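Please work through the two exercises below with the sequence and the model side by side, and attempt each task before reading its solution.

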Amino acid sequence: MVTLEELNQLRQEEKWEEILQRTRTFLEENSDASFALRAQVQALEHLEQKEEEYEGALFKLVELNDRIVETSHKLAQYYLNQGESEEAIRYYEIALENAVSSRQYDAVEEIWLEFSEAAPNHIDLFLRVADQLSAIKQKQRASILLQTILPALEEREDWRGRYFFLKRILELTPKEKSLRDLFVDTLKKLHPVPQMDRVMDHTRIRIDRPLPEAIEEMELFMHLLPDSYLRHPDWGVGRVTDLDMTRRRVVINFQRKRDHGMDVELAQKAVEPLDENDFRVQRVINREGLIQHMREEPLDFIKTMLKSFGGAMTAKEIKENLVPGVINVREWTTWWSKANSAMRRDPYIAVSGGSAKHYTLRSQAASDEEEFLKRFDETKAPHSKVDLIYEYLRTTKKSDIHEQVIRHFSKKLHVIAPRRRSTTERVELWYVNENLKDYVESIESMPIEIVDASISNTDKFIRVLQRLRFKTHQWQYACRFQTVRPDHWADIFQQLLLEPVVLIRDELAEALKEGGEIERVKTVIDQTSSEFRQLPHTFIWLAGRVLMHDEDWLDGKISKSSVIERLLLLVDYLTSQAKRREKEDALWLRKVAGDARDLIRRDHYRLFKKFIQTADESSAQSIYRRAQTNEGLDARTSADLTTIVRARFPDLFSVSTAHESAIPEGLLCLKETYQRKQKLFKRLVSLDLPEVVQEIEIARQQGDLRENAEYHAARDKQKLLAAQTAELEEALHSAKSIDLSSLTLERIEFGVLFKISPSGSDVEEEFIMLGPWESNPDKHILSYMAPFAMAFMGKKKGEFVELEMPTLTGRYEIVSIEAIPPDRLQEVINSEKKEAEAPQNENSSVEEASVPG
């Protein structure tokens, strides 16, 4: 334990070594103690030990927002001395903006001068700080500071930048006399043509006229000099043929409006000035030369295009401006491949984005690695930093990976990890750092205690493992548990097999098998087989092992017919549950149901077909029934499965065709239901699917696609929505809305209410016959496609029906056939409407009602 008073006493005695030792010990338990961190920084400065420990202490103080100007300034100086210019710039920005907001003007001037020497090209920051100073009535100070940037702009001959800065300085100090000569010199450099002298004489900028007035009039004429080029949105590119400054008129020869006269004030608003070398100008006045430039120097040509369009374009925009006017479609692919390859290697062009590439012209040379590290350093969240690391490793050939980049990643992870409060984040960062050793062997490991601290508590270990986003990390973490807790690993591995968010079930099962604990796996199989509804993730994993592998240790534990039937039951159950849950829970349930459904449909039903060849008649009947009445299967999948079973057992299902002959073609539904389904389809196509495509693109940019949890979640969501859209589109094509007023009530058909009674009984049951979209078996609203309903379709009042179903057998009399009462019909419509309007809770597949019991 150490107090502020004790540290102050040690400061006075200049006992820096003791301060360092005591603060190190204290900070192990109190990492957020800013007074101890400040003392540690001071001790390291006096001992001239400005290394990683110094960096880490300053980093933590900045994170705590403690004396932010001083600490971020010191951190910027540290990085500058280390040669890490981008990192230095980041902290100079923090120091400078906070110095302004806290009105520490001496610090503003000191940091500004250091920063302007280190990074004079950061124009936006200098202007932003000047605006902040102006807002707090420090215009003179802002003007003086901006003037310190002018020599750097002159040195690199950035006359446009210099003119822009001079204008801003003039706004701050309009009476500054020294600006006149600077303006005149800059304007001559910007427009080195004889006509500029005429404009200067006319505006009297070089003599006695107030400078703000002269500049205002100069800007009316400076872009309208004869032989200058302009662009009008409707009339195209034009060349100035005459300028009359006295009458304030200009004549412009546009592509689609020849020799057009305009007032200069109107021209200033209506046209865009273009440089003679602008792509759009050259396309008009020198098309052959432009084509030659494009073919001979594709990289320089692209740079010209980028300059012409504000410094940034997408690949799509580049193509739209070139094809077919400059290059034909057949040549485009070859030329673009060459140009794109050159751009990726050029230090003045930044390439970003996923499938939709963006190309940006840099103001100064920088490598892709420098750009990437800047992005990495500017990223705040640790998990986002991790995703960027894996993005770099994924998108860079191993032979092209730079050692200094890997070391930079590791260095930052070392600083961040020990100070994160989240155990999961600390563990993930530890394993990421270890993974970097695959690229640079000499990377230093973090203390293993970061991982081991969470292993002592088994409940915590299980929680942390499931929160780890990458499969490799989950397995490495599990292996560490096996090493540290040799007496408990088998119990925990068995438990993990039953947990929902586990990516390493295969590895866990193999570890138990190799460790002589195969009985534990068999126990999991028994439990999962009986509780498959409660353990859907584990059951789907188990089903995949059973159906795709012939493994000795699975023999006799669970049959393939049982697996198929339970998968169908699981799909049905999860889909039904999803209807009753809120949006997020419903989406999760549908995702799991989709995983089970995909296993059944894998490789065009290859597993299902293989199984059905060896199935017995009893299994075939059961599976046929499950497939036919399954809420979670779309009409096509249900039909595919039942067709496969029928093809294998043609005699077994011959009786069922009698009932099916009464089933109408197409998908019958109410008019209101059809309209809602159409709205749902439009929403899926125009809103939901584009949104998930955007989510995928954002996730794609975050990191390694192989183990990027956000990316795979978005892809799963896309797959679910795409399937839902396809199923709904197919159903709408075959759907027919029925006018209930035209029903004769002579037979049981869509849109009637009918009552039945068991033979020899006075008890009556009432049912409404509608379609799969309106069905609700719990309320006795049937789908005419369900087996129970099919038995009654086409029957008349007084007829008897024999039923042989799992939950209902016997002889039933049809007592009456009536129209559906208006209040009951409205209840059905309202119920369907409520479900349809719940986002993501809509089951668009053709649902078949279960047999009522």
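Two exercises follow, each with a worked solution.

The model is predicted, so local features need pLDDT of at least 70 and side-chain atom pairs count only at pLDDT 80 or more, while totals for chains, interfaces and linings use all residues. Residues are numbered from 1 along each chain as its sequence is written, and side-chain values use heavy atoms, with hydrogens and water left out.

**Exercise 1.** Determine where Ile149 lies and whether Ile149 is buried or exposed.

*Solution.* Begin with the DSSP runs (helices are H or I, at least four residues; strands are E, at least two; both are numbered from the N terminus), which place Ile149 in the loop between helix 9 (139-147) and helix 10 (150-155). Next, Ile149 has a relative accessible area of 1% and is therefore buried, a term that means under 20% with a 1.4 Å probe and protein chains only. Finally, with neighbours within four places in sequence left aside, Ile149 is in contact with Trp112, Ser116, Pro120, Phe126 and Phe165, where contact means heavy atoms within 4.5 Å.

**Exercise 2.** Establish the strand order of the open sheet and explain why one side of strand 4 and of strand 5 is left without a neighbour.

*Solution.* Two strands pair if DSSP finds at least two bridges between them, and on this basis five strands form an open sheet in the order 4-3-2-1-5 with antiparallel pairing. Strand 4 and strand 5 (272-274) stand at the edges with a single partner strand each, so one side of each has no neighbour in the sheet. As detail, four bridges join strand 3 (residues 249-254) to strand 4 (residues 260-263), and Val250 stands opposite Met262 in strand 4.

Definitions and conventions: Buried means under 20% relative accessible area, exposed over 50%, partly exposed in between (1.4 Å probe, protein chains only).
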